[in-house]
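This report describes the enclosed spaces of a predicted model and the molecules placed in them. The sequence and structure come first, and the description follows.

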Amino acid sequence: MRIRKVQHVTDPSTCISCGACELACSLLAIQNIGGRFCIDDDQCKGCGLCISACPTGAADSYVSTEHVFSPFQQAEWQSLPDPVRLSGEERVE
Ligand code: SF4
Ligand code: SF4
């Protein structure tokens, strides 16, 4: 059986690189990699403070994946990877 995980990420297509999410995260789970604000899944505890701070909704993004994407992998994205995009409301652990 394949195990899929819902990973919290930021959406590069709507992110304006303001940095508010990084400032909001007390766990230092968000890394600025060349202007892309990427969430370290090992550090994120899902508190939602970055989502509240984000002016565009880009931090309220999730991907369903079999393999966790590292911050550096996320930094390469131009948009969320296909095929699955989930909103916060659809999130299932
Ligand atoms: S949900 Fe909380 S812990 Fe995770 S990246 Fe956002 S502010 Fe940091
Ligand atoms: S707060 Fe939102 S728009 Fe600003 S850098 Fe973070 S994800 Fe991008």
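A residue is taken to be near a molecule if one of its heavy atoms lies within 4 Å of it. By that criterion 13 residues surround ligand 1, and those that come nearest are Cys25, Cys44, Cys47, Gly48 and Cys50. Around ligand 2 there are 14 residues, with Cys15, Cys18, Gly19, Cys21 and Cys54 coming nearest.

The model is a predicted one, in which local features need pLDDT of at least 70 and side-chain atom pairs count only at pLDDT 80 or more, whereas totals for chains, interfaces and linings use all residues. Residues are numbered from 1 along each chain as its sequence is written, chains are lettered from A and ligands numbered from 1 in the order in which they are written, and side-chain values use heavy atoms, with hydrogens and water left out.

A cavity is a set of points, on a 1 Å grid over the protein atoms alone, where a 1.4 Å probe fits but cannot get out, and its lining residues have an atom within 4 Å of a point. A volume is the space filled by probe spheres set on the points, which are joined across faces, edges and corners. The structure holds 2 cavities of 30 Å³ or more.

| Cavity | Volume | Lining |
|---|---|---|
| Largest | about 100 Å³ | 14 residues |
| Second largest | about 80 Å³ | 13 residues |

Nearest the centre of the largest cavity lie Cys25, Cys44, Gly46, Cys47 and Cys50, while Cys15, Cys18, Cys21, Cys54 and Ala58 lie nearest the centre of the second largest. Ligand 1 takes the space of the largest cavity and ligand 2 that of the second largest, a molecule being placed in a cavity if more than half of its atoms lie within 2 Å of its grid points.

The mean pLDDT (the predictor's confidence in each residue, from 0 to 100) of the protein chain is 89, and 86% of its residues reach 70 or more.

Note on methods:
1 Å grid on protein atoms, 1.4 Å probe; cavity = no way out; pocket = protein on both sides within 12 Å on 5 of 7 lines; lining within 4 Å.
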